[in-house]
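Open the model in your viewer and keep the sequence panel beside it. The tour goes stop by stop, with a selection to make at each.

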Amino acid sequence: MIKVGNTIHLELKSSDEEKRRYKSKILDYNESKIFIDYPVDKKTKKPHFFLEGTQFRVWFMGNDKAIYLFESEVLGKDVKKFPMLVLKDPGVSDYVRIQRRQYVRVDTTIDVAVHCLNNKCKPFTTVTADVSGGGMALVLPEQHSVEEKDVIKTWLALPYQSGEMIYLEVKAKTIRILKDRGRLKGSFEFVDLDDIERQKIVRYCFERQLTLKKKEKAFK
């Protein structure tokens, strides 16, 4: 899956609103470590050295053309033929696999306020059943007037692992409404969503999926 010479991307885990991203190359690896060239800042194009314990979100493209994401930290540096930064490899079981051109959909309960455009339906508050970078499923109240193809305006509250709460105003189109295990649910596709806002949702989904993987691993 990991291959020497492949590009690897890193996002510094911090509370900064602007996330700092870096690019590097895989120089070597073993069962628990990944050896990379000093990462280059994607904005400044300058290489950086990071201290032991610095935490990152990491992703790379596998041989199957899927994207693999995981959380890692700097274990130190190593000098063989040239200086290398050493990252912790959590193992394949902790990787999150994302098929290209698809978004990770995660089961999660997020508070949502819903308003129909043109006052077609009464505003209501609810929670999500799942979320992805492309859309979401909402638990609908029994007495609602949302119909398929309706466009709604929603306000989402995304809790990040850092403790930061992100509030987004997002338009969504109703794709279908169905009964699922006794609950009325609606599937919605995000519309007119810019890349910056979408990346905030994708980041939340990534963090959520990593949390779920850790819980599954703890129960085994």
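What follows is a list of selections, with a short account of what is found at each.

**Before you start**

This is a predicted model, in which local features need pLDDT of at least 70 and side-chain atom pairs count only at pLDDT 80 or more, while totals for chains, interfaces and linings use all residues. Residues are numbered from 1 along each chain as its sequence is written, and side-chain values use heavy atoms, with hydrogens and water left out.

**Stop 1: the two domains**

Colour residues 6-98 as domain 1 and 105-213 as domain 2. These bounds come from an automatic or database domain assignment. The centres of the two domains, taken over C-alpha atoms, are 31 Å apart. Eleven residues of domain 1 are in contact with eight residues of domain 2; contact means heavy atoms within 4.5 Å.

How much area do domain 1 and domain 2 bury between them? The value is about 930 Å², with 56% of it on carbon and sulfur atoms. Buried area is the accessible area (1.4 Å probe) that two parts lose on being put together, summed over both. Now select R57, E71 and V96: in domain 1 they lose the most area to domain 2, together 46% of what that side buries.

**Stop 2: the salt bridge between the domains**

Keep R57 and add E207. These two form a salt bridge, with the closest N and O atoms 2.3 Å apart. A salt bridge is a side-chain nitrogen of Lys or Arg within 4 Å of a carboxyl oxygen of Asp or Glu. By this rule, one salt bridge is found across the interface of domain 1 and domain 2, and the count for the structure comes to eleven.

Add R203 next. E207 also forms a salt bridge with R203, at 3.2 Å between the closest N and O atoms. Both residues lie in helix 1, four residues apart, which is about one turn of the helix. Helices (H or I, at least four residues) and strands (E, at least two) are DSSP runs, numbered from the N terminus. Is E207 buried or exposed? E207 counts as buried because its relative accessibility is 2%; buried means under 20% relative accessible area, exposed over 50%, and partly exposed in between (1.4 Å probe, protein chains only). R203 is buried too, at 12%.

Finally, add E11 and R21 to the selection: E11, R21, R57, R203 and E207 are linked in a network of salt bridges. E11 is found in strand 1 (residues 7-12) and is buried, at 5% relative accessibility. Beyond four places away in sequence, E11 touches seven residues by name: K19, R20, R21, Q55, F56, R57 and W59.

**Stop 3: two more salt bridges**

Select D130 and R105, whose side chains meet in a salt bridge (2.6 Å, N to O). D130 lies in strand 11 (residues 124-131) and R105 in the loop between strand 8 (96-98) and strand 9 (106-107), so the pair ties together parts that are 25 residues apart in sequence. D130 is buried, at 10% relative accessible area, while R105 is partly exposed, at 48%.

Then go to E197 and K200, where the salt bridge is 3.3 Å, N to O. Both lie in helix 1 (residues 195-219), three residues apart.

**Stop 4: aromatic rings**

The structure holds nine aromatic pairs. Rings of Phe, Tyr and Trp (its six-membered ring) pair if their centres lie within 6.5 Å; planes under 30 degrees apart count as stacked, over 60 as edge-to-face and the rest as tilted.

Select Y22 and F50. Their ring centres are 5.1 Å apart and their planes are at 80°, so the pair is edge-to-face. Y22 is in strand 2 (residues 21-29) and F50 in the loop between strand 4 (40-41) and strand 5 (55-61), 28 residues apart. Y22 is buried, at 2% relative accessibility, and so is F50, at 9%.

Move to F60 and Y68: the centres are 5.8 Å apart and the planes at 20°, so this pair is stacked. Both F60 and Y68 are buried. Add F70 and Y95 to see the cluster that ring pairs form from F60, Y68, F70 and Y95.

**Stop 5: two loop residues**

Select K45, in the loop between strand 4 and strand 5. Its phi is near 65°, a positive value in a residue other than glycine. K149 also has a positive phi, of about 80°, although it is not a glycine. K45 is exposed, at 60% relative accessible area, and K149 is exposed at 68%.
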